[in-house]
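Please open the model in your viewer and keep the sequence panel beside it. The tour below moves from one selection to the next and says what is found at each stop.

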Amino acid sequence: MKRFFLIGVLLVSFSSCKVEKKEKNSEDLIIRKQSEMAALMNKMYEENEILKEKVLKGETPINFPEEYLKIHTATLTDPSDRTLEFSQFSNLYINNLKDVFETNKDSLKYKFNQTINSCIACHKTTCLGPIPRIKKLLIR
Amino acid sequence: MFVLSAVVFACKTGKEDQKQQENEVVTSGYTSFGAKISDKDYLSSKDVLTKYQNLKAGDTINLKFASSIKEVCSKKGCWMKLPAGETEETIMVRFKDYGFFMPLDSNGKEVIVEGKAFVKEVSVDELKHYAEDAGKSKEEIAKITEPKLELSFEANGVLMKK
């Protein structure tokens, strides 16, 4: 009987802890969840920061990140932004980036900047907000 | 009995943590976005307008001021417009490095913002883009035909009153 009582108390204790956690996490503000494309863009940004450092050191990068090809399928914050123009800019970006992985050391900086400029050109047509941040990637 | 004490203790600790958090919320009464900023030593939006009136294109000054949100980007919350004093003019606030966004339902909320103030000319294309973000109709967007000198602000931190 004592054992049943103890189990009962434990269950009540655990469940009340659980409820508290739920309340603590409750959020009444509507915050836009990051879209698949936004997450991919952020990942590409962080990796392009590393790539920039390599280019500045004159190191030719190896292994083009195939994951970036998700740019052609990832869900955008506003799906209607996936226009023909967007598809063309996506192709341009991917091709320019592939060039960085295939070019000789002398053209690295030029090819890298060309890639970043294709990002900026696309953002000018679709989403202006991140442009100042993207411009920081350019090698002056 | 030991297990029971441990569970009760764990719950108690949890409650205290929660209480502590609640106290912090009650004390400040704000939800924080971006860099942590204090709720002290800020200007009113009226004083800020005077600061902007003294700015020339290319000038940048660090400011911290309070206002209430007039409009927020309806797509992502990636910008907001704050009234400048009692005028119809608004200050366009964007967030440093596109690093944080405001809730989509934050229109009318009181905020304190800290960051850089400057003025810049915004092109017709850009104005149209922001009008689209704000959910304006095609007719309203078509009426935008001239560039505009904008009171701009890049916030590194925002406090929004609960």
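Helices (H or I, at least four residues) and strands (E, at least two) are DSSP runs, numbered from the N terminus, and the expected span of a helix is 1.5 Å times one less than its number of residues. This is a predicted model, in which local features need pLDDT of at least 70 and side-chain atom pairs count only at pLDDT 80 or more, while totals for chains, interfaces and linings use all residues. Residues are numbered from 1 along each chain as its sequence is written, and chains are lettered from A and ligands numbered from 1 in the order in which they are written.

Begin by colouring chain A by pLDDT, the predictor's confidence in each residue, from 0 to 100; the mean for chain A is 85, and 81% of its residues reach 70 or more. Over residues 8–26 of chain A, however, pLDDT stays under 50. Where pLDDT is low, the predicted coordinates should not be read in detail.

Next select helix 2 of chain A, residues 36–56, whose 21 residues should span 30 Å at 1.5 Å a residue, which agrees with the 30 Å between its end C-alpha atoms. Within helix 2 of chain A, show A:Met37, A:Met41, A:Leu51 and A:Val55, which are buried (20 or more other C-beta atoms within 10 Å of the residue's own, against 12 or fewer for exposed and partly exposed in between, with C-beta atoms placed from the backbone). These four lie on the same side of helix 2 of chain A, because they cover an arc of only 80 degrees around the axis, taken from the directions from the helix axis to the C-beta atoms. Turn to the face away from that buried side to find the exposed residues A:Glu46, A:Glu49, A:Ile50 and A:Glu53. Add helix 4 (108–126) of chain A, against which the buried residues of helix 2 pack. Just after helix 2 of chain A, A:Gly58 takes a positive phi of about 80 degrees.

Now move to chain B, which has four helices and seven strands, and select the largest nonpolar core (buried Ala, Val, Leu, Ile, Met, Phe, Trp, Tyr and Cys residues joined through C-beta atoms within 7 Å). Of its 31 residues, B:Met80, B:Val93, B:Val111, B:Val113, B:Val158 and B:Leu159 touch the most other members. Strand 7 of chain B gives the most to this core, with six residues. Apart from it lies another core, of 10 residues, among them A:Leu51, A:Leu97, A:Phe112 and A:Ile116.

Technical notes:
Two residues are in contact if their C-beta atoms, placed from the backbone, lie within 7 Å.
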